[in-house]
Amino acid sequence: MLGAMLHEAWRAMGANRLRTLLTMLGMVIGVGAVVLMMAIGQGAQYAVAQTISSMGSNIFVVLSGYTSAGGVRSGSGNAPTLNVADANAIAELDGVDTVAPVHWGSVQMVYGPNNWNAWVQGTTPSYLDARSWPLADGAAFTDSDVRAATRVALIGRTVAQNLFGDESPVGKTFRIGQAPFVVLGVLAPKGQNLEGRDQDDLVVMPLTTAQRRVFGTPFQGSVRQILVKAASAEAMPAVEKSIEALLRQRHRLRDAADNDFTLRNLTAVADTAAETTRVMSLLLGAIASVSLLVGGIGIMNIMLVSVTERTREIGIRMAIGARERDILAQFLLEAIIISVIGCAIGLVLGVGGAALANQLAKMTVVVSGSSVLTAFAVAAGVGIFFGFYPAKKAARLDPIEALRYQ
Amino acid sequence: MAEAVIRIEALFKAYDTPAGPFPALKDVNLAILPGEFVAIMGPSGSGKSTFMNILGCLDRPSEGRYFLSGRNVAELGKDETAALRNRTIGFVFQGFNLLPRMTLADNVALPLVYSGIGHAERRERAQAMLDKVGLGSYADSLPSRISGGQQQRVAIARALTNRPSLILADEPTGNLDSHTSQEIMGVFRALNDEGITIVLITHENDIAAHAKRQVRFLDGRIVHDAPTQQHEAASC
Ligand SMILES: Nc1ncnc2c1ncn2[C@@H]1O[C@H](COP(=O)(O)OP(=O)(O)OP(=O)(O)O)[C@@H](O)[C@H]1O
Ligand SMILES: [Mg+2]
């Protein structure tokens with residue numbers, strides 16, 4: 001029975017090939033758009049998730065400088081308001097896992113004929129821990145390097161590539177000005193951060209080395225920022241309050257005075273970014289779904305025309321014993337076949353389009369099995385939903401009226 | 001006496017029209033026994049087709065009772081009347097009503113699709129039926145490739161393919177020339193000789209002469225019901 005019905009559906013579709021193809025095209029475009037948009041949306045979510053996990057979790061950054069509700073008032077290049085002692089005090093607070101004071105600036109580096117300008121972070125070994133940043137090669141510097149202000153450095157992948165090319169950097173010596181620095185290790189690549197800056201274009205060295213031997217700061221022990229990793233996500237609100245209270249007390253700020261530092265919850269920033277991409281990807285999906293809806297309406301339209309055209313045929317079939325459900329099944333099957341074939345083609349085009357977006361526009365795309373399955377289920381659903389009314393209309397025809405129809 | 005294939009008691013049929021109900025059949029009573037060959041005659045508009053549609057379970061009477069092989073049709077559901085049309089009744093129409101996109105074999109096999117019979121058996125039985133009406137070699141042709149008389153033979157084959165006990169034909173020769181009409185009537189007579197009950201509508205006396213019994217309608221009533229005169233002469 002099903003074999004005969006499939007055969008008949010095929011024949012009916014073949015009888016009006018162009019019309020069938022155009023109807024299918026509606027589904028092709030709809031499904032293709034949904035698959036492509038879902039791939040791009042999920043890709044964006046994936047990219048943001050990657051970036052966020054590269055940031056390290058449960059992180060605060062305390063920046064040196066006055067702030068008000070309007071933003072940073074005092075430029076952070078002026079007299080730094082944070083120092084190593086602040087960092088040590090924060091480390092004693094409840095719920096704080098790791099603290100890393102950071103002093104930074106940009107420097108010109110030379111290795112043989114190669115020059116490279118990179119961002120230097122002078123910090124303590126706990127920095128890598130706070131940012132969950134493993135080494136790709138070599139070893140990290142230690143607390144004794146910090147105490148002795150030794151000229152050692154860890155470099156990011158971008159620096160390694162630009163300064164050392166194909167050579168292995170570990171153990172090599174590069175120069176900043178006239179001073180030689182030994183590369184202890186290469187950091188594992190992290191890619192871009194949320195602002196789109198290359199996180200691998202950096203040099204990490206002992207805090208004291210940066211302060212005394214690279215930047216020569218006039219303010220002993222001062223740092224530009226302190227990285228704080230809370231023990232857990234739940235601890236973050238409490239930690240935020242206690243850091244603020246502690247620093248205000250240590251900096252002897254009167255009640256009316258503004259903070260002379262800025263406390264930023266990077267996790268909150270990350271959550272906002274994740275939420276933004278989620279909404280964007282939902283929106284893309286919703287817009288694409290509209291074209292799927294239009295495709296479905298196209299199917300309904302054509303099926304209605306087809307029922308009218310084939311009224312007499314329906315009458316004949318009823319006269320020789322077709323039940324209502326036979327007629328219903330016949331037209332429903334046709335609608336489902338059109339939408340499922342359209343869906344398959346749309347799927348191929350959508351995945352192809354996603355691959356193209358990835359190749360040409362360097363977009364991160366994710367085509368998940370679930371989105372493919374969803375597309376198929378939706379297409380079959382569209383076929384049933386939009387095919388049902390015309391099929392029901394056909395099945396409900398009065399056989400005599402149908403037979404008399406010219 | 002054998003049980004009647006068709007028994008109609010006090011049957012009325014009124015159509016709803018904008019001008020109010022229009023009585024197309026008024027107090028019709030009729031019994032048809034197995035193996036009969038009945039010609040229904042009467043002027044245009046006398047209610048013949050209306051009557052035939054009720055016989056064929058395509059339409060329902062407004063009043064009165066209709067027993068088909070002893071079963072009260074009014075008590076049957078839609079699927080059951082569909083099954084009757086599929087297995088018990090074979091229809092032959094004036095306009096042949098073959099499905100134009102299907103081969104003759106597929107047309108003839110169509111009733112078997114709705115009986116849930118498998119592909120191989122459908123094909124075999126359709127071929128046998130086409131052979132029976134002398135068109136076995138056209139099995140894979142489309143209806144548009146053969147003449148009207150041939151199309152009507154195929155339609156008869158289709159009506160027969162599910163081995164019905166009753167054939168209903170509404171002016172089956174209405175679109176055919178007189179020579180072809182006689183040929184088609186020959187097919188009906190052969191079927192009747194095999195024991196199949198046949199009821200057909202016609203306007204023409206020489207067509208009706210092939211039947212064994214003639215029923216005449218006028219204004220929705222049966223006004224004449226008698227065996228065909230000189231039945232033997234007409235058959236020669
Ligand atoms: N669907 C309908 N609605 C209203 N009136 C109808 C309908 N069908 C038939 N009639 C009327 O019922 C009467 C009987 O019609 P019917 O078709 O049974 O006649 P008939 O004897 O078959 O005529 P013909 O020889 O022309 O085929 C006619 O007056 C016709 O106008
Ligand atoms: Mg008529």
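**Reading salt bridges, burial and helix packing**

Author: We can start from one residue, R157(A), which at a relative accessible area of 39% is partly exposed (buried is under 20%, exposed over 50% and partly exposed in between, with a 1.4 Å probe and protein chains only). The model is predicted, so local features need pLDDT of at least 70 and side-chain atom pairs pLDDT 80 or more, while totals for chains, interfaces and linings use all residues. Residues are numbered from 1 along each chain as its sequence is written, chains are lettered from A and ligands numbered from 1 in written order, and side-chain values use heavy atoms, without hydrogens and water.

Reader: With which residue does the side chain of R157(A) meet in a salt bridge?

Author: Side chains of opposite charge can pair when their charged atoms come close. Here the side chain of R157(A) meets that of D200(A), with an N to O distance of 3.8 Å (the rule asks for a side-chain nitrogen of Lys or Arg within 4 Å of a carboxyl oxygen of Asp or Glu).

Reader: Where do D200(A) and R157(A) lie?

Author: R157(A) belongs to helix α6 (residues 157-164) of chain A, whereas D200(A) sits in the loop between β10 (179-187) and β11 (202-206) of that chain, so the pair ties together parts 43 residues apart in sequence. Helices (H or I, at least four residues) and strands (E, at least two) are DSSP runs, numbered from the N terminus. In contrast to partly exposed R157(A), D200(A) is buried, with a relative accessible area of 1%.

Reader: How many residues apart are R278(A) and E275(A) in helix α9 of chain A?

Author: They are three residues apart in α9 (residues 266-309) of chain A, which means that about one helical turn separates them. Their side chains form a salt bridge at 3.3 Å, N to O; R278(A) is partly exposed, with a relative accessible area of 38%, and E275(A) is likewise partly exposed, at 38%. The side chains of D326(A) and R323(A) give another salt bridge, at 3.1 Å, N to O; in that pair D326(A) is buried at 5% relative accessibility, while R323(A) is partly exposed at 21%.

Reader: Which residues are linked in a network of salt bridges, and what is the count of salt bridges over all chains?

Author: The network links E8(A), R310(A), E313(A), R317(A) and E334(A) with R101(B), a residue of chain B. Over all chains, the count comes to 23 salt bridges.

Reader: At roughly what angle do the axes of α2 and α11 of chain A cross?

Author: Axes are lines fitted to C-alpha atoms (for helices over the stretch in contact), and angles run from 0 to 180 degrees between N-to-C directions. The axes of α2 (residues 17-55) and α11 (residues 324-360) of chain A come within 6 Å and cross at roughly 40 degrees. That makes α2(A) oblique to α11(A) (under 35 degrees is roughly parallel, over 145 roughly antiparallel, 65 to 115 roughly perpendicular and the rest oblique). The residues of this contact divide into 15 nonpolar, eight polar and no charged (Ala, Val, Leu, Ile, Met, Phe, Trp, Tyr, Cys and Pro are nonpolar, Asp, Glu, Lys and Arg charged, and the others, Gly among them, polar).

Reader: How do the axes of α5 and α6 of chain B cross, and which residues meet?

Author: In chain B the axes of α5 (residues 148-160) and α6 (residues 178-193) come within 10 Å and cross at roughly 15 degrees, so α5(B) is roughly parallel to α6(B). From α5(B), G149(B), Q152(B), R153(B), I156(B) and L160(B) meet T180(B), E183(B), I184(B), V187(B), F188(B) and L191(B) of α6(B) (contact means heavy atoms within 4.5 Å). Six nonpolar, three polar and two charged residues make up this contact.

Reader: Is L104(B) buried or exposed, and which residues does L104(B) touch?

Author: L104(B), found in helix α3 of chain B, is buried, with a relative accessible area of 0%. Residues up to four places away in sequence are not counted, and L104(B) touches, among others, L98(B), L130(B), Y138(B), L142(B), I146(B) and V154(B). The C-alpha atoms of L104(B) and G134(B) are 13 Å apart in space, with their positions 30 residues apart in sequence.

Reader: What is the phi of S69(B), and what is that of F96(B)?

Author: S69(B) has a positive phi of about 50 degrees although it is not a glycine, and F96(B), also not a glycine, has a positive phi of about 65 degrees. S69(B) is in the loop between β4 (63-68) and β5 (71-72) of chain B and is partly exposed at 36% relative accessibility. F96(B) is in the loop between β6 (89-92) and α3 (104-113) of chain B and is buried, with a relative accessible area of 10%.
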